[in-house]
Amino acid sequence: KYMSNRLFQSVIQQMKDAIERVIGVIDENGEIVSCRKATGAAPSTVFSIPSSVGERTVTGIKEGALGTAEDADSVIKTMTELIVPDGCEIANLGDNVFKGAPALEKVTLGDSVQTIGMSTFANCGELESVQIGSGVTAIGASAFENCDDLIEISFDNPAGGAASFPLANIGESAFSTKSPELTIYGLIDGS
C-alpha cells in the first residue's frame, strides 16, 4: 500500500492550527496518513479534525496516522480531547485509530460520523466522556473496551430515528469497561 514518489509528492499537505503547529499528510482519498507535531511546537492537547486541508476534503484517518504513545512527536501521546466537528466529512472512524491514547479524556463526534470501528478507543485509560452525534448507526466490537475511567456516553437521537441504530449494530464488548460509574444516555434501537 505504498504510493509512488510522484503520487506521494502530489498528496502532501500541511496542517497548521492557530495554537499548535501540526504537520500532516493526506492521501489521494483524503485520509490522514500521518500527523505529527512540528519541531518546537507545544504539545497538542485538543485535536480538532479539519474538514479540509488546502483544497482536499478530509475523509478519514488511517490506523497509526497519529503516532503512538512512545513517539516523541506524536499527536496521540498528548491529546486530551478529540473533536470531529459537524461539517466534517469523516463517516467512519477506523479500527484502532485512537487505541491506547494515554491522555485522551473527552471525545466529541459530529453528525457526519456513521461508524465507530473495532477497538477505535480501546485502552484509553483516561477517557471519561464521549458525545456521539446523530449519524452513528454502528459501533464495532471492543470500541471502548478497557476505558476504565469512562463515566458518560451520550448519544444524540439518531438522524434516521431510533430504528436506524438497532442494538445488533453494537459489537461484542463495545462498552466492556471496569468503570463502576458508566452511564449511557440517548435513544437507540427502535424495537
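In this predicted model, E81 stands opposite K106, a residue of strand β9. That pair is a convenient way into the sheet, because strands of a sheet pair through backbone hydrogen bonds, either parallel or antiparallel. Strand β7, which covers residues 81-84, pairs with β9 in the parallel sense, and the two are joined over 4 bridges.

On from β7, β9 also pairs with strand β11 (residues 129-132), again in the parallel sense and over 4 bridges. Within this pairing, V107 has V130 of β11 as its bridge partner. Strand β11 in turn pairs with β13 in the parallel sense over 4 bridges, and here the bridge partner of S129 is E152 in β13.

These pairings belong to an open sheet of 6 strands, which are arranged in the order β3-β7-β9-β11-β13-β14 with parallel pairing. The edges of the sheet are formed by β3 (46-48) and β14 (183-185), and since each of them has a single partner strand, one side of each is left without a neighbour in the sheet. From one strand to the next, the twist averages 5°.

How do the side chains behave along a strand of this kind? In a regular strand the side chains alternate between the two faces of the sheet. Strand β9, residues 106-109, shows this alternation: V107 and L109 point to one face and are buried, whereas K106 and T108 point to the other face and are not buried.

The largest nonpolar core of the model has 44 residues, and those with the most contacts inside it are I49, F121, L127, I139 and F144. The elements that give two or more residues to this core include the sheet strands β7, β9, β11 and β13 (152-155), together with β2 (31-37) and the helix α2 (75-78). If neighbours within four places in sequence are left aside, F144 is in contact with a set of residues that includes I116, F121, L127, V130, I139 and F175.

Charged side chains make a separate picture, for which the count comes to 2 salt bridges. They are set out below with the closest N to O distance and the separation along the chain.

| Salt bridge | N to O distance | Separation along the chain |
|---|---|---|
| D27 and K62 | 3.9 Å | 35 residues |
| K62 and E31 | 3.1 Å | 31 residues |

Both pairs link distant parts of the chain: D27 lies in the loop between β1 (22-26) and β2, and K62 in the loop between β6 (60-61) and α2, while E31 belongs to strand β2 itself. The three residues are joined into one network by salt bridges that share partners. Which of them are buried, and which are partly exposed? D27 has a relative accessible area of 5% and is therefore buried, as the cut-off for that class is under 20%. K62, at 33%, is partly exposed, and E31, at 23% relative accessibility, also counts as partly exposed.

A last residue to look at is N146, whose place is in the loop between β12 (138-139) and β13. With 33% relative accessibility, N146 counts as partly exposed. Apart from its neighbours within four places in sequence, N146 is in contact with N123, C124, S176 and T177. The C-alpha atoms of N146 and S173 are separated by 9.6 Å, although these two residues stand 27 residues apart along the chain.

Technical notes: Residues numbered from 1 in each chain as written. Predicted model: local features only at pLDDT ≥ 70, side-chain atom pairs only at ≥ 80, totals over all residues. Heavy atoms only, no water. Buried < 20%, exposed > 50% of the residue type's maximum accessible area, 1.4 Å probe, protein only. Pairing = 2+ DSSP bridges. Core = buried A, V, L, I, M, F, W, Y, C linked by side-chain atoms within 4.5 Å. Contact = heavy atoms within 4.5 Å. Axes fitted to C-alpha atoms, helices over the stretch in contact; angles between N-to-C directions. Salt bridge = Lys/Arg side-chain N within 4 Å of Asp/Glu carboxyl O.
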